[in-house]
Amino acid sequence: MIDKRLINNVKGSKKYIFANVFFQWISLIANIFMLYSITNLIGKLYENTFIQNDIYITAIVCMAALIVRIVCSMLNTKMSYLSSKSVKITLRNQIYKKLLKLGSSYKNDVNTSEIVQVAVEGVEQLETYFGSYLPQFFYAMLAPITLFCILAPINLKAAIVLLICVPLIPISIALVQTWAKKLLSRYWGQYTALGDNFLENLQGLTTLKIYQADEYKHRQMNNEAEKFRQITMKVLRMQLNSIAIMDLVAYGGAAAGVIISISQLQIGSISLSECILIILLSAEFFLPMRLLGSFFHIAMNGMAASSKIFKLLDLPECTDGTENYKDGNIELKNVTFSYDKQNNVLNDINIIIKKNNLTAIVGKSGCGKSTISSILVGKNKDYKGLININNIELSSISEQSRMANITYIGHNAYLFKGTIKDNLLIAKPNASDEELLNVLKRVNLYDFLAQENGLETLVSEKGSNFSGGQCQRIALARALLHDSAVYIFDEATSNIDVESENDIMAEIKTLAKDKTIILISHRLANVVDADNIYVLNNGTVVENGNHLDLLKNNRYYTSLWNAQKELEDYRKEAK
């Protein structure tokens, strides 16, 4: 139950653990002095040899011992807190740094819900492991040896019997450990599965209500919850059974000490005061180990949590490049990508994206458009082929440089709870109010916000108090403030009102005059003015050129254009 790697990972907690053990040991010594003083007084009373000062001395010793024990108890609590604090800060910092190293592609290796559970509940379990179990473990080893050294000169036989009985508790713990380890591993597996299910249902609740599938998911969630309840009951049953065994050993050992001390008193090997002292200290042999046993199951839970934490920390990291981004053209040469290593989503893609040009990528849903953007921003890294930015391979560019120079705007850009100002400052923390207002004017939001509360206008979670078009404009304003060399607009005008769409498209065209712009859109009307349009079908570039040239070719692009135009004309007639 001592994980060297886990302890070495949080070296800062070691000093607090040993300080905790030291104060417990001092408290034990104080208790021994107090019991010795009391039993000595009882012996003198029995033999009628006490004097008045003996009572005063005993009272002073007892008072001093109680004060020492109270102070030690307070210091123990403080050391446990400092140890737990060190563990939480260290492990959560390691998890955070690991996620940064995994980069934007972390979701390919681990679920977000599992990260949340490990970083919150998992670390909380280890708080108890370091704050209570480890100090108690070392103290439970030290206390019986200390008591043996005290009692051996009084009666060696009783001291040996008590010391021999002590290991029976860890032996009983060891017998349970193998079963408990497997059981707690299943417990954590089911716990994370339940968390995954709950988070997924919560995020998709609106969709479930629309399709009236919430009852089905409700039953599914109940099944997962029932499985978790059953495994929890098995864990509790295991804990109660093992506690009963440890109680039997602990109190049985203490009873053996009582029997031996009385038998030794009967044959005259020890005095009455010594007999009482052995009886009173018999429990002290077993109580530390018994308390350790009660922490054992919490520790096992912590160990199961630590395996999840190390699983996350041991995830392989893609080697980050060291090159800085160089502003210029982006070229994809024979780029192939697959999510499952079997079915290619992209097949030998060749695309040239020129600076100061508006480059569009179009095609039906599922043709691979968004996959290209995900590769460029680093979410998908296991591609084959070459992606050069001004003759520097994308994989050689550091993630920090890539994130600073490539801005991605999707159709559901996230807005944080707070104010308009808070959301904009994410892109440029040192921006002045004048800069923020200017960028809001560029996206035609200034007049609307002026009627509200300006930059201090409140934003609800995910921007739920704004329309879809307003949310996209705020997201565009934030992107403009970032002022990066490359902008990727991935269906940025999808599902918004016509006015907002026109405003956003106008700003995209303005940006294209001095930035590298990639416009991904299923709506071909938005790419009519693009300098170059790449048309994808089933993960392959089937043609490219400007709008007029592609129409003249009368191929795949033309069929898409005609189909969309007919649909839009039909909608206009229907109105």
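Ile-361 stands opposite Ile-520 of strand S10 in this predicted model. The strands in question are S3 (residues 358–363) and S10 (residues 516–521), which pair in the parallel sense over 5 bridges.

Step back a little and you will find an open sheet of 6 strands with mixed pairing, ordered S6-S9-S10-S3-S11-S12. Strand S6 (406–409) and strand S12 (540–545) stand at the edges with a single partner strand each, so one side of each has no neighbour in the sheet. From one strand to the next, the twist averages 15°.

Two helices meet this sheet, and here is how they lie:

| Helix | Strands | Angle between directions |
|---|---|---|
| H10 (residues 369–377) | touches S3, S6, S9, S10 and S11 | about 150° with S9 |
| H16 (residues 498–511) | lies across S3, S9 and S10 | about 145° to S10 |

Now for the nonpolar cores. The largest one has 57 residues, and Ile-95, Tyr-129, Phe-130, Leu-151, Phe-286 and Ile-309 are those with the most contacts inside it. Several helices each supply at least two residues of this core, including H3 (52–102), H4 (112–151) and H8 (214–266). Helix H9 gives the most, with 15 residues.

Ile-95 makes a handy place to zoom in: setting aside neighbours within four places in sequence, Ile-95 is in contact with Val-118, Ala-119, Val-123, Ile-309, Leu-312 and Leu-313.

There is also a second, separate core of 45 residues, and among them are Leu-436, Leu-440, Val-459 and Leu-550.

Technical notes: Residues are numbered from 1 along each chain as its sequence is written. This is a predicted model: local features need pLDDT of at least 70, side-chain atom pairs count only at pLDDT 80 or more; totals for chains, interfaces and linings use all residues. Side-chain values use heavy atoms; hydrogens and water are left out. Two strands pair if DSSP finds at least two bridges between them. Helices (H or I, at least four residues) and strands (E, at least two) are DSSP runs, numbered from the N terminus. Axes are lines fitted to C-alpha atoms, for helices over the stretch in contact, and angles run from 0 to 180 degrees between N-to-C directions. Contact means heavy atoms within 4.5 Å. A nonpolar core is a set of buried Ala, Val, Leu, Ile, Met, Phe, Trp, Tyr and Cys residues joined through side-chain atoms within 4.5 Å. Buried means under 20% relative accessible area, exposed over 50%, partly exposed in between (1.4 Å probe, protein chains only).
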